[in-house]
Amino acid sequence: MRPYLFLFFGVARVFLGGKKHFFGAFERALRGDTRCIMAFRHPNGGEPQLLTWFILFRLGALAKKEGIAFAKRPRALFIYGYEVLRWGGWVARLVMPGLGAMPIYHAKIDSQGLGRIYQDLLSGPYPLAMAPEGQVTYNVERVLNLEQGTMRIGFSVAERLIQAGKSFPVEILPVSIHFRYGIWGKICLKWLMKRIEKFTGFSALYKKEEVPDFTTRLRNCRDYLIAKNESRYGIARDENRTVPDRITLIIEAGLRRAEQILGIKPTSGETISRLYLIRQICWDRIFLPGRDTLKGLPRLERAQLDLAAGEAWHACRHTEVVDFIWYFHSALPEENAPLHEKIEFAQNLWDFANRTMGGSYATRNINIYPRRVIIQAAAPINLTERLPAYQKDRKATIQTAMDDLLQSYLNCIKEVNETEKE
């Protein structure tokens, strides 16, 4: 896994912050004293693989240096969306099930998947690993979306344990992951900007005119890509619209276009829920549920299935744009901004360009080598202690726990940034 992490994600060195929280949560869980859900942030895409390697091959040795001996060899059971194996290729299909990772659907009832999750968490001792953000969010400095599934599962398990006469506390361990770069990061950033500007036509322009400052170069590319998507969806230009307003219009237009292609009625749900539903319909038309072969089908029926799959693929091109641009609300980094913020924005522009051309997350990565990774843990959130409040008002208690999780992530971000300045 170590060469894989370097080649595919540029991971060179890994540091652990909040050791007391991370070690303590795993020690209690592996000893059988608690049930633990590791709630990790998912801004880049490689977090599950990175954490899997770190927990399997580094955590035990680091804890031993601190005088902590785990009762069992540490590992975690990761939850992932079924679609990961479809776009992740043969590597994902080979590695993830073999590591004990468990798939689940985002947008339809999955009693089998939930049953596996509950069984493993109830029986212990290995922590369950979930991303409350739901999917890759493309932004490490901001937390834009947290789904309640992690807390709902945690409270449900806490209730079931009490009903079974077991007093194991259920803990949520917040974990935030951050990338930092050195001199090679600056070199790779220059190369990446040249590629983006070649895609968007600015490299030819800058040969004739003076090259502007870095922030202006980013703004030029961003505004160009937004304008191209407005043109694609027939959105009239209005100079008075802000960038967030322009993005909102593109999101709505992209979702409606995908729904039209699929022949489904627009829903009134939140953007992410609506996106998940469209995506699930697309996958079910490309990978037919319950059907392993198309042999024996009449030629006409096979042709109709092919057409439906083709339409679903085209609908997915629109959802890929929406998927990315919903999160693309970062401010343009100034010239004196930290290097990791500049690199993240440039990588997001590269992603934006690729999706505008019909690409997907699979075509996102342009690795900036090497990356120094910081895994930052926060104090665990004990859900069992909150059960009395949960039983009185489930909705309010879940929301309070979500607010605490959000604050834990924000504290992690602040702590990492302040440590880096020292």
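**Exercise 1. Find which residues A63 is in contact with, leaving aside its neighbours within four places in sequence.**

Solution. Contact is taken as heavy atoms within 4.5 Å. Leaving aside neighbours within four places in sequence, A63 is in contact with F23, I68 and F70. The place of A63 is in helix α4, residues 59-65; helices are DSSP runs of H or I with at least four residues, numbered from the N terminus. In sequence A63 and F23 are 40 residues apart, yet their C-alpha atoms are 6.4 Å apart in space. A63 is buried, because its relative accessible area is 0%. Buried means under 20% relative accessible area, exposed means over 50%, and partly exposed lies in between (1.4 Å probe, protein chains only).

This is a predicted model, in which local features need pLDDT of at least 70 and side-chain atom pairs count only at pLDDT 80 or more, while totals for chains, interfaces and linings use all residues. Residues are numbered from 1 along each chain as its sequence is written, and side-chain values use heavy atoms, with hydrogens and water left out.

**Exercise 2. Place L5 and L7 in the secondary structure, and decide for L5 and for L7 whether the residue is buried or exposed.**

Solution. Step one is the helix: L5 is in helix α1, and L7 lies in helix α1 as well, which spans residues 2-9. Step two is the accessibility. L5 counts as buried because its relative accessibility is 0%. L7 has a relative accessible area of 55%, so L7 is exposed.

Step three is the surroundings of L5. Not counting residues up to four places away in sequence, L5 touches G10, V11, Q49, L50 and W53. L5 and G46 are 41 residues apart in sequence and 8.2 Å apart in space, C-alpha to C-alpha.

Step four is the surroundings of L7. F6, L7 and F8 make a nonpolar surface patch of about 300 Å². Such a patch joins nonpolar side chains (Val, Leu, Ile, Met, Phe, Trp, Tyr) within 5 Å, from residues with over 30% relative accessible area and no salt bridge. Areas come from the Shrake-Rupley method with a 1.4 Å probe.

**Exercise 3. Describe the largest nonpolar core and the contacts of M38.**

Solution. A nonpolar core is a set of buried Ala, Val, Leu, Ile, Met, Phe, Trp, Tyr and Cys residues joined through side-chain atoms within 4.5 Å. The largest one has 88 residues, and those with the most contacts inside it are F22, F26, M38, F54, L173, V175 and I375. Helix α15, residues 339-356, supplies the largest share of this core, with 8 residues. Apart from this core lies another, of 31 residues, including F155, I381, L383 and Y409.

Next, take M38. With its neighbours within four places in sequence left aside, M38 is in contact with F22, F26, L51, I55, A76, F78, L128, A129, M130, L173 and V175. As background, nonpolar side chains in soluble globular proteins tend to be buried together.

**Exercise 4. Count the disulfides and explain why C36 and C188 do not form one.**

Solution. A disulfide is a pair of cysteine sulfur atoms within 2.5 Å. By this rule the count comes to 0. For C36, the closest cysteine sulfur is in C412, 14 Å away, and therefore too far for a bond. C36 counts as buried because its relative accessibility is 2%. For C188, the closest cysteine sulfur is in C221 at 18 Å, so that pair is too far apart for a bond. C188 is buried, with a relative accessible area of 15%.

**Exercise 5. Count the salt bridges and trace the network that includes R355.**

Solution. A salt bridge is a side-chain nitrogen of Lys or Arg within 4 Å of a carboxyl oxygen of Asp or Glu. The count comes to 20.

Begin with E239 and R237, whose closest N and O atoms are 3.7 Å apart. E239 counts as exposed at 66% relative accessibility, and R237 is partly exposed at 48%.

Turn to R355 and E320, whose side chains meet in a salt bridge at 3.0 Å, N to O. This pair links distant parts of the chain, 35 residues apart: R355 is in helix α15 and E320 in helix α14, residues 299-325. Both R355 and E320 are buried.

Then take D323, whose side chain meets that of R355 in a salt bridge of 2.9 Å, N to O. D323 in helix α14 and R355 in helix α15 are 32 residues apart. D323 is buried, with a relative accessible area of 4%, and R355 counts as buried because its relative accessibility is 0%. Through shared partners, salt bridges join R279, E320, D323, D351 and R355 into one network.

Notes: Patches are made of residues with over 30% relative accessible area and no salt bridge: like charges are joined within 9 Å, nonpolar side chains (Val, Leu, Ile, Met, Phe, Trp, Tyr) within 5 Å. Helices (H or I, at least four residues) and strands (E, at least two) are DSSP runs, numbered from the N terminus.
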